[in-house]
Every structure is written in structure tokens, then in C-alpha cells.
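Welcome to a short set of exercises. Keep your viewer open and try each task before reading the solution below it.

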Amino acid sequence: MLFKKPKTIPADCEEIHNRIRAHEEQLEALQKELFQRQRISLKRKRAPLKQKQKHVFVKPRKIELNNSVQTLKRKIEGLTMLTGIEVQSFKKGDHCCIVYNMQQNSENQIKHGLRIEMKTGGNEVTESALPVGFNWNAVVDDYENMLKPEYLLAVQSALLAYYDRLEQFKELQNLLTVDGILFRNLDGSHIEATFSLQNAEDDCVEIRVTLVLDYRVQDIRPKKFLFIGDNLSEGLESLQQQCVMLKKKPLHKAFKSTFINNTGLWKLVQQLKTTKTTPVRSKRVHPNRNPNNDDTFHPDECSDQGEEE
């Protein structure tokens, strides 16, 4: 209170006292409003408390680069082990050498390589070390940029199929005798096998046929096959139905299950290799090395010289 209230208020001063009390209430309301405004202004001006910064260890740039290089090297080595593709040398704006490590059953390690020149007009393979007869053009025609992963994987897939077809052909050679005439292109994309078939229902019916198999550059199963031969008009349909396994199994296994171990109409005629039986050598009789023992006496050779009764 700004003014001290008297104990008793005179009658003539009551109106003045009421006016003073109204002004006091108004002043008190203004003081509260001022206090709230000052409080809000202080809230806005007050800066947030700064948190205590923790000490963060920062790796030196050299250590960070070394770690990144080692991590990348391990990833590349793992990728090489899984895919067999290795970047042997790379020079920006000049060339890139790609090496394919082939995991084949061979005494020696098989590798094939490409040297790709990186020019402004586009990439071009200038040198290559590829197997004999590998159909390079069939792979290159579908791609423009030689350094893309899709192109490198396509070359690898074609190389794997190339060796797979040759291996199947060798297995078929081991299965058939010299009576079966075999022919293939260098890359194994075209194979011909000539052999004789016999009708299971009629033993007298025997035909000589040529099986022609055509593969694409990345195929290990024939894309299509057909039979060529005389007197095939009647049995051609049943023969083609019997050869469904040629598109599902490796060539030698499919050939064996189709024409040897099958219950179909057509059987292979005397084409399996016969196992050679080696004659058993008789045990050699060593001469008597002891001069005191006589090994020349044989009781069976003696005549009956007993006393007569």
C-alpha cells in the first residue's frame, strides 16, 4: 500500500478514499503487467546454455587413407576369388588390363586377359589373350562400353560356357567308341555325333543317324538339336521325344540316359567302349637254389615197379 490507511475515515473524505483505492488497484494491475512483459523479454534475450563439448578423437588423414585403401584391397581380393575377374593394371585416361582366372580341371593355371584402351571416343579392346576359337564378336556386339561390369561378366560367362562345352565333348568321346564319328567347332558351339540306333521293338531295324547340336556363346545346353539320316521319316518324332534330356543334363550324361540306360524305343548299337581284360600272369617258379636239395624227383612220373605176388 502506498498510503497508510487511517483507523477511522471521516464522512466527508469517504469519496476521496474510494478514488485512492481505485487508483491503487489500477497501479497494482499495471505493475503485474510490467512484470510479465519484463519476464517475456528476458526469456527471449537469454541465450541457450552451451553444452560441454566432448573430446572427439580425429584420425590423422594418412591413417584414414591407409585404412580405406586396405579395406578396398580386401574387397577387391574377395571379389576376385568369387568371380575370377582381376584388374591387373589401370592407368587413368590410358588403358585398363582385365585378367580372368579360370578355375578348370587342369595341371596349369589358366588365365585370359583383355587390354582396353580408354579413349575419348569410346573404349576399345586392342589386345587379348583368349582361347582358340572363342567367339569374341558374339559377346562384343551387345555392349558399347567395355569397362562396365555387365560387359566384363558377360565375357566371363562366355569363357565358362566355352570350357564347359569342351569338357562335355571330351566326356562324350570317352563314352563312345571309334565307331561314333564326332565333330565340333573350335568353340564347341556346334557338335555333330554320328552313331547307329536300333529299334527296341524290332531288332532288325537299325539306322545310322547324325545328331546335330547348336549352342549359343553363353550356353552349356544346346539351344536346338536335330537328327539327320536316311529312313527317319517314321521314327523321327519318337526319337525327338526321347531326346528331351539333351537340354537338361550334361551332354555325356544325357546321351547315356537317352540311348543306353533308357526304356525308350531307340537304343545305341555297339558304341560303348569295352573294358580291356588284362591276362593274369602265371606265377614264376624259381629254380632250386640249394644244391643239397634235389627238386628233380616227381613221384607221378615213376612207373609201378612193385614186387609181383
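**Exercise 1. The whole protein**

What percentage of the 309 residues in the protein is buried?

*Solution.* Bear in mind as you work that this is a predicted model. Start with the cut-off: a residue counts as buried under 20% relative accessible area. By that criterion, buried residues make up 28% of the 309. Next, look at the surface itself: the accessible area comes to about 24,700 Å², and carbon and sulfur atoms account for 51% of it. Then turn to the secondary structure, which comprises 6 helices and 9 strands. Finally, take the contacts with a separation of 6 or more: 42% of them join residues 24 or more positions apart.

**Exercise 2. An aromatic pair**

Classify the arrangement of the rings of Tyr162 and Tyr163.

*Solution.* A pair of aromatic rings is described by the distance of the centres and the angle of the planes, so we need both values. The structure holds 7 aromatic pairs. In the one formed by Tyr162 and Tyr163, the centres are 5.2 Å apart and the planes make an angle of 90 degrees. Since pairs with planes over 60 degrees apart count as edge-to-face, that is the class of Tyr162 and Tyr163. Now widen the view: Phe134 joins Tyr162 and Tyr163 in one aromatic cluster. To finish, check burial against the 20% cut-off. Tyr162 is buried because its relative accessibility is 5%, and Tyr163, with 15%, is buried as well.

**Exercise 3. A histidine and its surroundings**

Is His112 buried or exposed, and which residues is His112 in contact with beyond its neighbours within four places in sequence?

*Solution.* First, locate His112 in strand E3, residues 110-119. Its relative accessibility is 7%, so His112 counts as buried. Next, list the contacts: they include Ile98, Val99, Tyr100 and Met102, then Ala129, Leu130 and Pro131, and finally Leu159 and Tyr163. Tyr163 will be familiar from the edge-to-face pair with Tyr162. For Ala129 there is a further detail: its backbone oxygen lies 3.1 Å from a polar atom of the His112 side chain.

**Exercise 4. Two quick checks**

Where does Ala138 lie, and over which ring does the charged end of Arg184 sit?

*Solution.* Ala138 belongs to helix H3, which spans residues 136-140. With a relative accessible area of 29%, Ala138 is partly exposed. Measuring along the chain, Val155 is 17 residues away from Ala138, and their C-alpha atoms are separated by 9.9 Å. As for Arg184, its charged end sits over the ring of Phe169, 5.4 Å from the ring centre.

Conventions. Residues are numbered from 1 along each chain as its sequence is written. This is a predicted model: local features need pLDDT of at least 70, side-chain atom pairs count only at pLDDT 80 or more; totals for chains, interfaces and linings use all residues. Side-chain values use heavy atoms; hydrogens and water are left out. Rings of Phe, Tyr and Trp (its six-membered ring) pair if their centres lie within 6.5 Å; planes under 30 degrees apart count as stacked, over 60 as edge-to-face and the rest as tilted. Buried means under 20% relative accessible area, exposed over 50%, partly exposed in between (1.4 Å probe, protein chains only). A charge sits over a ring if NZ of Lys or CZ of Arg is within 6 Å of the ring centre and within 35 degrees of the ring normal. Helices (H or I, at least four residues) and strands (E, at least two) are DSSP runs, numbered from the N terminus. A polar contact is a pair of N or O atoms within 3.5 Å; within protein, one must be able to donate a hydrogen and the other to accept it, and residues adjacent in sequence count only if both atoms are side-chain atoms. Contact means heavy atoms within 4.5 Å. Accessible areas come from the Shrake-Rupley method with a 1.4 Å probe; for residues, only the protein chains shown count as cover.
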